[in-house]
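Please find below a colleague's note, set out as numbered points, to be read alongside the sequence and the coordinates.

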Amino acid sequence: MGDRYSIKHEIGTGRAGVVYEAFDTELDRQVAFRRFDTSEENFHDEEWRTRFFDVVSDLSRINHANILSVLDAGIDEEGPYLVTAHVEGLRLSQLLKPSGQMDLKELYSFTRQSLDALQAAEAYGYFHHALCPSSVIATAKPSGGYHYTMMDLGHSKLIPLVSNEGELGLSKTFDPALMAPELFEGNPAGIRSTLYMLGQLIYWMAAGGHPLAGFSLELAHAKHKAGEIPYLSSYRADFPEVFRQWLYWL
């Protein structure tokens, strides 16, 4: 990375590496710098390097207000890294009001923004199979409400590549409570799987939690497969019937 990116401090640790807040000295801006934990055997291999830059190039072309922008990537003596926009805000779990449930107006806004983002990603052949409360950042708008930014969009292609655990590394990024059954079975169904997980995430926000939270992958999969998800009316009487029907269609 040379002297271009000045690391400030660690933001968090993920399944495939560490994310730092950094400063881009060339373009004078704050960025997020992700350093992947990848074996030297991989990142010194020419075929691996080609695959890495192909995925990053695809991601960098996705330009949407609700998707975290990929700005740069490279491979240096420490291994591969990815640079994205740095977004200030709150995780979804921090947004919920004292009752634990998101109000309907904000829930509609989140749904609309999410569908717009997923449609844009699909146009480039990318599907978000890592949707969970920590994969979305909410930034307060001056006019009220929040702007939502989806992160981790490229996990389905990037994590198996950069993780030393391969596909197993990807499976560890899934939230068992939200995961589409076919992902557990190793048969992702593209946008259908993503929409299923979006439905489960909206359910989580509306109910103030998910009934399968804390379950193992195996048990949560069995519950999803059997359709054993309680009706929202069990948690929330004010939920509009037409919205409930749409949500269960997802």
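1. In this predicted model, the buried residues of H2 pack against two helices, H1 (40-43) and H5 (155-162), and against the strands S3 (29-36), S4 (70-76) and S5 (79-85). The residues of H2 that are buried are Trp-48, Phe-52, Val-55, Val-56 and Leu-59, and, seen down the helix axis, they fall within an arc of 95°, so they line one face of H2. The face turned away from that buried side carries the exposed residues Glu-46 and Glu-47.

2. The geometry of H2 agrees with expectation, because its 16 residues (46-61) should span 22 Å at 1.5 Å a residue, and its end C-alpha atoms are 23 Å apart. At the start of H2, the backbone nitrogen of Glu-47 has a side-chain oxygen of Asp-45 within 3.2 Å.

3. Two residues of H2, Trp-48 and Phe-52, also belong to an aromatic cluster that they form with Phe-36 and Phe-53. Phe-52 is, in addition, one of the four residues, with Leu-92, Leu-107 and Phe-110, that touch the most other members of the largest nonpolar core, which has 57 residues. Helix H8 (residues 191-207) supplies the largest share of this core, 10 residues.

4. Leaving aside residues up to four places away in sequence, Phe-110 touches Leu-92, Val-136, Tyr-148, Leu-198, Leu-201, Ile-202 and Met-205. A second, separate core has 6 residues, among them Tyr-5, Val-31, Phe-33 and Tyr-81.

5. Arg-35, which is found in strand S3, deserves a look: is this residue buried or exposed? At a relative accessible area of 12%, Arg-35 falls under the 20% cut-off and therefore counts as buried. Its side chain makes a polar contact with the side chain of Asp-76 at 2.9 Å, and a polar atom of the Arg-35 side chain lies 2.8 Å from the backbone oxygen of Gly-79.

6. Of the aromatic pairs, which number 13, that of Tyr-108 and Phe-243 is tilted, because the ring centres are 5.1 Å apart and the planes stand at 45°. Tyr-108 lies in helix H4 (residues 104-122) and Phe-243 in helix H10 (residues 241-249), so the pair ties together parts that are 135 residues apart in sequence. Tyr-108 is partly exposed at 39% relative accessibility, whereas Phe-243 is buried at 7%.

7. The rings of Tyr-203 and Tyr-235, with centres 6.3 Å apart and planes at 80°, form an edge-to-face pair. This pair ties together helix H8, where Tyr-203 lies, and the loop between helix H9 (217-226) and H10, where Tyr-235 lies. Tyr-203 is buried, with a relative accessible area of 3%, while Tyr-235, at 35%, is partly exposed.

Definitions and conventions: Residues are numbered from 1 along each chain as its sequence is written. This is a predicted model: local features need pLDDT of at least 70, side-chain atom pairs count only at pLDDT 80 or more; totals for chains, interfaces and linings use all residues. Side-chain values use heavy atoms; hydrogens and water are left out. Helices (H or I, at least four residues) and strands (E, at least two) are DSSP runs, numbered from the N terminus. The expected span of a helix is 1.5 Å times one less than its number of residues. Buried means under 20% relative accessible area, exposed over 50%, partly exposed in between (1.4 Å probe, protein chains only). The arc is that of the directions from the helix axis to the C-beta atoms. Contact means heavy atoms within 4.5 Å. A polar contact is a pair of N or O atoms within 3.5 Å; within protein, one must be able to donate a hydrogen and the other to accept it, and residues adjacent in sequence count only if both atoms are side-chain atoms. A nonpolar core is a set of buried Ala, Val, Leu, Ile, Met, Phe, Trp, Tyr and Cys residues joined through side-chain atoms within 4.5 Å. Rings of Phe, Tyr and Trp (its six-membered ring) pair if their centres lie within 6.5 Å; planes under 30 degrees apart count as stacked, over 60 as edge-to-face and the rest as tilted.
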